[in-house]
Amino acid sequence: MNEDKPGWYNRAKKAPFSDEKFTSEMKKNVHRSVIFTDSKPKRRKYLQVGFAGGLMLLIILIAFQLPFGREEQQRAGTLPPGTEETIRAQGVTDEGRLRVIAVGQEKITTLGAPSCFGIETDMSFTGNYSVQYRTNQITNEVTTLGDLTFIQPTSAPVDMIRLPFQDADVFILAPQYRDCHGIQIYAFAVEHETGKAVQLRFQDESLVSYFSYYRPGTTPMVKDNKLVLESTEGPGGEGSPDYKPKRMYRLDLKQGVMVLAN
């Protein structure tokens, strides 16, 4: 029988490990290898499911915090100054900044046609405004201006006119930069000694008002520690016996009044 077998059969008997047995230990090793290899897809699947679940949880937490995070920051005072504030006008002192800030939503339009108040592309802003003075990281509200209209060439903050007086800096706010007869103004004072900011009233003889005016084409100025405003011409102007081409006001800081000087 052996003679009928091919020659390679006899040579194979002499090959390495020809007499080795498949021991029980070898069987255990193969069994472990099969189990380990078979478990990899399951572990990978569990890792993928865990990663997806963690990512979803993170997204849910972020979405939950978005509506409340800004409120918490505002209450904690951690939002940067000026965040989401519309500054409609401002004036700068050596120690701080006077700002006119929109309260709520403004009504914003363009004039659409040229007039005494501006050209067709000028912008109109109407709303309620808070006047605030900020110094040394402390903000104090000076006053509020309700239902006020600004008309300006752009949406940039209006620069108030800063006038130096002996005891205070006086700021003149002109919400509308043009007018047919008189440009309406508001005045605010920041006292040098205390740094306190107040809105000033204008006292013209028996009339007291929180606003005054000056003639278009002119600029408010200080002379001899008095505010000088040029009067408008036209009806009620130079034809009146009480007409004064220039009105001069003395600052009474204690009373918060600009008093017309005789």
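This report walks through the cores, some strand pairs and one buried residue of a predicted model.

**The nonpolar cores**

A good place to start is the inside. In general, nonpolar side chains of soluble globular proteins tend to be buried together. Here, the largest nonpolar core has 20 residues. Leu98, Val100, Phe150, Met160, Leu173 and Phe188 are the ones with the most contacts inside this core. Five strands each give two or more residues to the core: E2 (96-110), E3 (123-135), E4 (138-152), E7 (168-173) and E8 (183-191). There is also a second, separate core of 19 residues, with Phe165, Val170, Ala174 and Leu200 among them.

Which residues does Val100 touch? Leaving aside residues up to four places away in sequence, Val100 touches Thr86, Ile87, Arg88, Ala89, Tyr129, Ser130, Val131, Phe150, Met160 and Leu173.

**A charged name in a buried place**

Now look at Glu106, which sits in strand E2. Is Glu106 buried or exposed? Glu106 counts as buried because its relative accessibility is 13%, and the cut-off for buried is under 20%. Its side chain makes a polar contact of 2.8 Å with the side chain of Arg88, and another of 2.6 Å with the side chain of Tyr129. Beyond residues up to four places away in sequence, Glu106 touches Thr86, Arg88, Phe125, Thr126 and Tyr129.

**How some strands pair**

The table lists three strand pairs for you to find in the structure.

| Strand | Partner strand | Bridges | Direction |
|---|---|---|---|
| E6 (residues 161-164) | E7 | four bridges | antiparallel |
| E12 (residues 221-223) | E13 (residues 226-230) | three bridges | antiparallel |
| E13 | E14 (residues 246-252) | five bridges | antiparallel |

Begin with E6 and E7, which are joined by a hairpin through three residues. Within this pair, Arg162 stands opposite Phe171 in E7.

Further along the chain, E12 and E13 also form a hairpin, with two residues between them. One residue of that turn, Asp224, has a positive phi of about 55 degrees. Across the pair, Met221 stands opposite Val228 in E13.

Strand E13 has a partner in E14 as well, and these two run antiparallel. Which residue in E14 is the bridge partner of Leu227? The partner is Tyr249. So E13 can be followed from the E12 hairpin to its bridges with E14.

When you trace these strands, one general idea helps: side chains in a regular strand alternate between the two faces of the sheet.

Methods. Residues are numbered from 1 along each chain as its sequence is written. This is a predicted model: local features need pLDDT of at least 70, side-chain atom pairs count only at pLDDT 80 or more; totals for chains, interfaces and linings use all residues. Side-chain values use heavy atoms; hydrogens and water are left out. A nonpolar core is a set of buried Ala, Val, Leu, Ile, Met, Phe, Trp, Tyr and Cys residues joined through side-chain atoms within 4.5 Å. Buried means under 20% relative accessible area, exposed over 50%, partly exposed in between (1.4 Å probe, protein chains only). Contact means heavy atoms within 4.5 Å. A polar contact is a pair of N or O atoms within 3.5 Å; within protein, one must be able to donate a hydrogen and the other to accept it, and residues adjacent in sequence count only if both atoms are side-chain atoms.
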